[in-house]
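Me: I would like to understand how the words used for a protein model are justified by the values behind them. Could we go through one together, term by term?

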Amino acid sequence: MITSKPTTKAEEEALAKEAEQVYRAFVKEQSRLESKGGVKGKLPASLTKYISGKELARQETIMNALHSQGIRTEFDGPLVVRAEPAVFAGLGSGHLVSMTFCNDGSNARMVARDGSSTPGRNIQYIAMFKRDEQGILKINSSETRTVEKCAG
């Protein structure tokens, strides 16, 4: 288990692979909860096992807002996730790795309580990872922005 800045190419590749696996599992569970209309109150362990810190607070806010506003997400197919190379330098705050992902929302739509819907968006997601007290790699903070399309 890599617990500090990777020093070899093999360590970098292993940490990037682990981070991508965490992110893909996170997106799968996040999408499942969004399709059910979010969450009221605390997030379930099925999601918190992938997130911590600022990201945990961010996701709790998002999921509670979906629930209170009666919004759910529908998908016509799988959510496509594209990963870009990992960044290991200059992260600060104890982050081990940062990766950029693109979630293709072209096959999704947000459905309101009244049945009206809006198309999904393509989201660029920059995730910063660190290990928790048990050594589990989690998304600790993130930045997102809407993009026209997921390139590649």
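Reply: What follows is a set of questions and answers about this predicted model, going from the whole chain to single residues.

Me: What makes the chain as compact as a globular protein of its length?

Reply: Let us begin with its parts: the chain has 3 helices and 7 strands, and from the N terminus on these elements run α-α-α-β-β-β-β-β-β-β. The radius of gyration is 16 Å, and the globule rule, which is 2.2 Å times the number of residues to the power 0.38, gives 15 Å for 152 residues, so the chain is as compact as a globular protein of that length. Along its principal axes, the C-alpha trace spans about 55 × 35 × 20 Å. Buried residues make up 40% of the 152 residues, and 62% of the contacts with a separation of 6 or more are between residues 24 or more positions apart.

Me: Why is the sheet β2-β3-β6-β7 called open?

Reply: In this sheet 4 strands follow one another in the order β2-β3-β6-β7, with antiparallel pairing. The strands β2 (80-83) and β7 stand at the edges and each has a single partner strand, so one side of each is left without a neighbour in the sheet. On average, neighbouring strands here are turned by 25° against each other, direction ignored.

Me: How do you know that β2 and β3 are paired?

Reply: Two strands pair if at least two bridges are found between them, and β2 and β3 are joined in the antiparallel sense over 4 bridges. Within this pairing, Val81 stands opposite Asn103 in β3.

Me: What makes β6 and β7 a pair, and how many residues lie between them in their hairpin?

Reply: These two strands run antiparallel and are joined by 10 bridges, which satisfies the requirement of at least two. One of the opposite positions is Ile126, which faces Glu143 in β7. In the hairpin that β6 and β7 form there are 5 residues between the strands, and Gly135 in the turn has a positive phi of about 85°.

Me: Which strands form the other open sheet, and where are its edges?

Reply: This sheet has 3 strands in the order β1-β4-β5, again with antiparallel pairing. Its edges are β1 (72-75) and β5 (117-119), each with a single partner strand, so one side of each has no neighbour in the sheet. The twist from one strand to the next averages 30°. The strand β4 (residues 108-111) is joined to β5 by 3 bridges, and Met110 stands opposite Thr118 in β5.

Me: What makes a group of residues a nonpolar core, and which residues have the most contacts inside the largest one?

Reply: The members must be buried residues of the listed nonpolar kinds, joined through side-chain atoms within 4.5 Å. The largest set of this sort has 28 residues, and Tyr23, Phe26, Phe129 and Ile139 are those with the most contacts inside it. Two or more residues come from each of α1 (9-35), α3 (53-69), β3 (97-104), β6 (122-131) and β7 (137-147), with α1 giving the most, 8 residues. Leaving out residues up to four places away in sequence, Tyr23 touches Val81, Phe101, Asn103, Tyr125, Phe129 and Ile139.

Me: Across which strands do the helices α1 and α3 lie?

Reply: Helix α1 lies across β2, β3, β6 and β7, and runs at about 40° to β3. Helix α3, for its part, lies across β6 and β7, running at about 55° to β7.

Me: Why is Phe75 called partly exposed?

Reply: A residue is buried under 20% relative accessible area and exposed over 50%, with partly exposed in between. Phe75 has 28% relative accessibility, so the residue counts as partly exposed. Phe75 has its place in strand β1, and beyond its neighbours within four places in sequence it is in contact with Ser31, Glu34, Asn107 and Ala108. Phe75 and Ser31 are 44 residues apart in sequence, while their C-alpha atoms are 8.8 Å apart in space.

Me: How do you know whether Thr61 is buried or exposed?

Reply: The value for Thr61 is 54% relative accessibility, so this residue counts as exposed, the cut-off for that word being over 50%. Thr61 lies in helix α3. From Thr61 to Ala19 there are 42 residues in sequence and 23 Å in space, C-alpha to C-alpha.

Definitions and conventions. Residues numbered from 1 in each chain as written. Predicted model: local features only at pLDDT ≥ 70, side-chain atom pairs only at ≥ 80, totals over all residues. Heavy atoms only, no water. Buried < 20%, exposed > 50% of the residue type's maximum accessible area, 1.4 Å probe, protein only. Contact = heavy atoms within 4.5 Å. Axes fitted to C-alpha atoms, helices over the stretch in contact; angles between N-to-C directions.
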